[in-house]
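Work through these exercises with the model open beside you. Try each task before reading its solution.

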Number of protein chains: 2
Amino acid sequence: MSLLVVGSVAFDAIESPYGKVDRIIGGAATYFAVAASFFTHVNLVGIVGDDFSATDATIFKNRKIDTAGLERANGKCFFWSGKYSQHLNERETLITELNVFADFKPKLPEKFRNSKHVFLANIAPDLQCDVLRQVKGNPKHVALDTMNYWIERTPAELRETLKHVDILMINDAETRQLSNEHNLLLAARHIFKLGPSTLIVKRGEYGAMMVDKRGVFCVPAFPLEEPHDPTGAGDSFAGGFMGYLAGCGSSNDAALRRAMVYGSVLGSYAVEEFGPERLRKLKRSEIESRARHFLKLTQFRL
Amino acid sequence: MSLLVVGSVAFDAIESPYGKVDRIIGGAATYFAVAASFFTHVNLVGIVGDDFSATDATIFKNRKIDTAGLERANGKCFFWSGKYSQHLNERETLITELNVFADFKPKLPEKFRNSKHVFLANIAPDLQCDVLRQVKGNPKHVALDTMNYWIERTPAELRETLKHVDILMINDAETRQLSNEHNLLLAARHIFKLGPSTLIVKRGEYGAMMVDKRGVFCVPAFPLEEPHDPTGAGDSFAGGFMGYLAGCGSSNDAALRRAMVYGSVLGSYAVEEFGPERLRKLKRSEIESRARHFLKLTQFRL
């Protein structure tokens, strides 16, 4: 089943202890779409400027991602520049230029409106809500990402949007901020009252945790000796997760657990090289190989 | 097989957002011994003052822990007082009074000298080394805990001791400090050169990670809504781990993985109440029940 993603397509300048790139394609929707494309057909809605070339577009074309919803506007693409600390556990944003993204009003092409799986990447909650109004019928899974900016500045709009969301995928700091609870189980209980029935907490180097009414499932981060660039890891995780769910057509507990693992696999590959470079050349066989490695990493018998 | 532990037996005064106790039995060897006693026979070596009463000793008696190596000296027991922050993730040491512990020279009773499993809790490295000299033959597993104080002040003695250690069980900050490597895989590689062939990194609310030449195994912390007191969690983890290993008599990969799970089970129970109170009343059936819960928390199929 096809999967709709709405979010940013951008150019990034990234500096980490492993190197520096001045202009590489990025944005939440880009990482998500590429990661998800290994499992299912992906429909992308976003906006780019006239600096987005046909060569830039090959990242989507090569992964057969449908860009009928990728609007072209006069001006420049969203641009973000950031620098990571020595151990990659902190980052400083140097430049954020919204450019054409400032006036982004997501418009779903007619053929995208029947999407049964929807991922609302981190954009303004009222835009996320507007996307859901354009989707026909009842999607099977609506997942949403957000950030401190929206939690602080547009809490009412975010709450309204969350009423229509099944799966909330945010990091631990955002979970605590949104729920006003430090303990993640109590936070989940609070969040379930807002709408979502599943909370996925992304914990960076500590992996990810899924909480729903059935209980808790934890998956560690894949141990890497030399992660190069954490940019897009969370969005790649979300892409692997939602891509797997949409592709497998099931949403039982076993499928959700596998989705957590595939999300972790994609997130772990994403950080191996700068920007989405590792995902661009990733092979499905490598995904399966690392998923099996996750078995070795976590499985035991009593 | 019996398990030898050498370390502190103390009185603690603990304050957390959940309450306050002015005098409760504590110390690394206490938590370790009680946790391990659910799996195997435990031989305890430590020192107490004349303020340690017969009632205090029931914690060991009730768990059939052999206290023939628990020396009594004139003076008071080691006393520690600490206060935890609102979310239990930070603690401030208010008082440390070494008392009789200042002159502790571990002496192994003859009947303890054939121990095949040894845990050297966090004491001065030269004392840890001295314990090993008193052990006859080749123990099957020697595990060691240490802390920043010894890493900084007695690095030569610690290095000498580590040559005789199989399993190093420390937290992530200590791992990084000892190895001068931030990345835990690189840190493990460094530590393997010092002697240990297995590194277990205790990561608090994020669980624990075991690295050996076969690879990496991760176990999450058990999600609790209301942990009351983190004191002794790491020592209880170590006790569950070593107790299980000594009790099962195997040291293959499957046994080590189960030991990680039982360690996590004991650590998770330890934090549920103040001091070792929860461990005191713990039942073996509760341990098995939570171990099965760890299966639900982590297991998936591809």
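**Exercise 1. A strand and its two faces**

Which residues of strand 4 of chain A are buried on one side, and which on the other?

*Solution.* This is a predicted model. Start with the cut-off: a residue is buried if 20 or more other C-beta atoms lie within 10 Å of its own. Apply it to strand 4 of chain A, residues 42-48: seven of its seven residues are buried. Now sort them by face. Val42(A), Leu44(A), Gly46(A) and Val48(A) lie on one side. Asn43(A), Val45(A) and Ile47(A) lie on the other. Both faces of strand 4 of chain A are therefore covered, given the cut-off of 20 or more C-beta atoms within 10 Å.

**Exercise 2. The neighbours of strand 4**

Find the strands that pair with strand 4 of chain A, and trace the chain from strand 4 to strand 5.

*Solution.* Recall the principle: strands of a sheet pair through backbone hydrogen bonds, either parallel or antiparallel. Take strand 1 of chain A, residues 3-6: this strand pairs with strand 4 of chain A in the parallel sense, over four bridges. To locate the register, use Leu3(A), whose bridge partner in strand 4 is Val42(A). Next take strand 5 of chain A, residues 66-72. Strand 5 also pairs with strand 4 of chain A in the parallel sense, over five bridges. Here Gly46(A) has Leu70(A) as its bridge partner. Finally, follow the chain from strand 4 through helix 2 of chain A (residues 54-61) to strand 5. This β-α-β crossover is right-handed.

**Exercise 3. The whole sheet**

Write down the strand order of the sheet in chain A and identify its edge strands.

*Solution.* The sheet is open and has nine strands, in the order 5-4-1-8-9-10-11-12-13. Its pairing is mixed. The edges are strand 5 and strand 13 (215-219) of chain A, each pairing on one side only. From one strand to the next, the twist averages 15°. For an antiparallel pair, look at strand 11 (residues 198-202) and strand 12 (residues 208-212) of chain A, joined over five bridges. Within this pair, Val201(A) stands opposite Met209(A). Then add helix 6 of chain A (residues 172-179), which packs on the sheet and touches strand 10 (167-171) and strand 11. The direction of helix 6 makes about 115° with that of strand 10 of chain A.

**Exercise 4. The contact with chain B**

Which element of chain A gives the most residues to the side that touches chain B?

*Solution.* Begin with the totals: 28 residues of chain A are in contact with 28 residues of chain B. List the elements of chain A that give two or more residues: helix 7 (184-194), strand 13, helix 9 (253-270) and helix 11 (284-298). Helix 11 of chain A gives the most, with six residues. By class, this side of chain A has 16 nonpolar, six polar and six charged residues.

Note on methods. Residues are numbered from 1 along each chain as its sequence is written. Chains are lettered from A and ligands numbered from 1 in the order in which they are written. This is a predicted model: local features need pLDDT of at least 70, side-chain atom pairs count only at pLDDT 80 or more; totals for chains, interfaces and linings use all residues. A residue is buried if 20 or more other C-beta atoms lie within 10 Å of its own, exposed if 12 or fewer, and partly exposed in between; C-beta atoms are placed from the backbone. Two strands pair if DSSP finds at least two bridges between them. A crossover is right-handed if, with the strands pointing away from the viewer, the path from the first strand over the helix to the second runs clockwise. Axes are lines fitted to C-alpha atoms, for helices over the stretch in contact, and angles run from 0 to 180 degrees between N-to-C directions. Two residues are in contact if their C-beta atoms, placed from the backbone, lie within 7 Å. Ala, Val, Leu, Ile, Met, Phe, Trp, Tyr, Cys and Pro count as nonpolar, Asp, Glu, Lys and Arg as charged, and the others, Gly among them, as polar.
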